[in-house]
Every structure is written in C-alpha cells, then in structure tokens.
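Visitor: I am new to this structure. Please take me through one part of it closely, and show me how that part sits among its neighbours.

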Amino acid sequence: MLRHGPGLERRQGLLFRCIDIGAELFAIAAAVTRADMLRRRRGDQARDEAREAMRLADSFAAGSRRRVGELFRHIRSNHDAADYRIAQDIMAGDFTWMERDIVGLQKAQLEAWKGPAPELSSDGSDGSAHARRTRRVAEVQTQVV
C-alpha cells in the first residue's frame, strides 16, 4: 500500500487481489480452527468427525494456497494499466459506437416477447409457439437494424 501512495485508487485490481488474498487466508484459518476444535473433543464419534474435518480442511487449504499463489503472481503480472486506460476512454465517450445496436436489439427482444401467451395443445405442449416467437424476434430485429 505504501508503494503506490495516493495513486492507489487507480490500482483497483491490486486492491481487489489483496482483499481476495486476505479472504482466502481467513477461510483457511476458519477451516483449520474448526477442524482443530473437533479434534479436541472426546469420544469415538468426535474422533471420526475430527478426522473427516481435518481431511476437508486440508483439501480446502491446498486449493486455497493455490489460489493465493495465483493472486500474488497476478499482483506483479497483469494488464490492469491497459484496462484502466480503456475504462478512461469509455468514460470519455470513445466507444459510443458499441452502444448503438445493443439498445436496439434489447428493444427488439422485448417487443417480440410482448405478444400473447403461447397456446397449449391438448397434450399440454406449446406446439409451434417457440417457432412463432423466434420468427417475430427476427422480424423486429431486421426492422431495428
């Protein structure tokens, strides 16, 4: 944290990775602590449960250690700077061309599905209602585009 100083708000990827590392370490500690608590109990059933809990905690910790290692590697090797620059360009309006057709297609889908409910045949199936709706979506989409 000290390394990046006031510019840390531009390093959200770094912050998220550090938070994920902390969460993984907490989860390991919780799993191991629970297994240890079960181990300290007396009785045959408690001993069996403790053995199973230790196996589960060990398996979980192994996977978690792998995830923590990957997160540490991604702190140094990532594409956060490029992502940040693209986000700034999007906020500046450089990629508005992407928005044009997306909104139109969403409207087309909505209009196509506003039709009447599908009619059920005597056997309870909707017959060709799906095919009719699919054709209607295609018609509305060609009108939008």
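Guide: Start with a term. A residue counts as buried when its relative accessible area is under 20%, and as exposed when that area is over 50%; partly exposed lies in between. The model here is predicted. With that in hand, take helix 2 as the part to study.

First, the setting. The chain has five helices and zero strands. Read along the sequence, the pattern is α-α-α-α-α. The chain holds 145 residues, and 19% of them are buried. Take contacts between residues at least 6 apart in sequence: 57% of these join residues at least 24 apart.

Now helix 2 itself. It covers residues 44-76, which is 33 residues. At 1.5 Å a residue, helix 2 should span 48 Å. The C-alpha atoms at its ends are 49 Å apart, so the expected span and the modelled one agree.

Which residues of helix 2 are buried? The list runs Ala46, Ala50, Ala53, Ala57, Ala61, Gly63, Ser64, Val68, Leu71 and Ile75. Something has to cover them. Helix 1, residues 12-40, is part of that cover.

Turn to helix 1, then. Helix 1 has 29 residues and should span 42 Å at 1.5 Å a residue. Its end C-alpha atoms are 42 Å apart, which agrees. Helix 1 has buried residues too: Leu14, Arg17, Ile21, Glu24, Ile28, Ala35 and Leu38. Their cover includes helix 2 and helix 3. Helix 2 thus helps to cover buried residues of helix 1, and helix 1 helps to cover those of helix 2.

How do the two helices lie against each other? Their axes come within 8 Å and cross at roughly 165 degrees. An angle over 145 degrees counts as roughly antiparallel. Helix 1 and helix 2 are therefore roughly antiparallel to each other. Helix 1 passes helix 2 in a left-handed crossing. The residues of this contact divide into 21 nonpolar, two polar and eight charged.

Next, look at single residues along the pair. Begin with alanine 35, in helix 1. Its relative accessible area is 1%, so alanine 35 is buried. Which residues does alanine 35 touch, leaving aside its neighbours within four places in sequence? They are Ala53, Met54 and Ala57. Two of these names, Ala53 and Ala57, appear among the buried residues of helix 2. Alanine 35 also lies 8.5 Å from leucine 56, C-alpha to C-alpha, though 21 residues separate them in sequence.

Arginine 55 belongs to helix 2. Its relative accessible area is 63%, so arginine 55 is exposed. Its C-alpha atom is 8.8 Å from that of alanine 35, which is 20 residues away along the chain. Alanine 35 is buried, whereas arginine 55 is exposed.

Arginine 39 is in helix 1. At 47% relative accessibility, it counts as partly exposed. The C-alpha atoms of arginine 39 and methionine 54 are separated by 8.3 Å, with the two residues 15 apart along the chain.

Now move along helix 2 to isoleucine 75. This residue is on the buried list of helix 2. Leaving aside neighbours within four places in sequence, isoleucine 75 is in contact with Leu14, Arg17, Cys18 and Ile21. Among these, Leu14, Arg17 and Ile21 are buried residues of helix 1. Isoleucine 75 and arginine 17 are 58 residues apart in sequence, yet their C-alpha atoms are 6.9 Å apart in space.

One neighbour remains: helix 3, residues 80-91, which is part of the cover over helix 1. Helix 3 has 12 residues and should span 16 Å at 1.5 Å a residue. Its end C-alpha atoms are 16 Å apart, which agrees. Aspartate 80 is found in helix 3. With a relative accessible area of 18%, aspartate 80 is buried. Not counting residues up to four places away in sequence, aspartate 80 touches Gly13, Leu14 and Arg17. Isoleucine 75 also contacts Leu14 and Arg17. After helix 3 comes glycine 93, whose phi is positive, near 95 degrees.

To close, return to helix 2. Its buried residues are covered in part by helix 1, and the two helices are roughly antiparallel.

Technical notes:
Residues are numbered from 1 along each chain as its sequence is written. This is a predicted model: local features need pLDDT of at least 70, side-chain atom pairs count only at pLDDT 80 or more; totals for chains, interfaces and linings use all residues. Side-chain values use heavy atoms; hydrogens and water are left out. Helices (H or I, at least four residues) and strands (E, at least two) are DSSP runs, numbered from the N terminus. The expected span of a helix is 1.5 Å times one less than its number of residues. Buried means under 20% relative accessible area, exposed over 50%, partly exposed in between (1.4 Å probe, protein chains only). Contact means heavy atoms within 4.5 Å. Axes are lines fitted to C-alpha atoms, for helices over the stretch in contact, and angles run from 0 to 180 degrees between N-to-C directions. Angles under 35 degrees count as roughly parallel, over 145 as roughly antiparallel, 65 to 115 as roughly perpendicular and the rest as oblique. A crossing is left-handed if the near helix is turned anticlockwise from the far one by less than a right angle, and right-handed if clockwise. Ala, Val, Leu, Ile, Met, Phe, Trp, Tyr, Cys and Pro count as nonpolar, Asp, Glu, Lys and Arg as charged, and the others, Gly among them, as polar.
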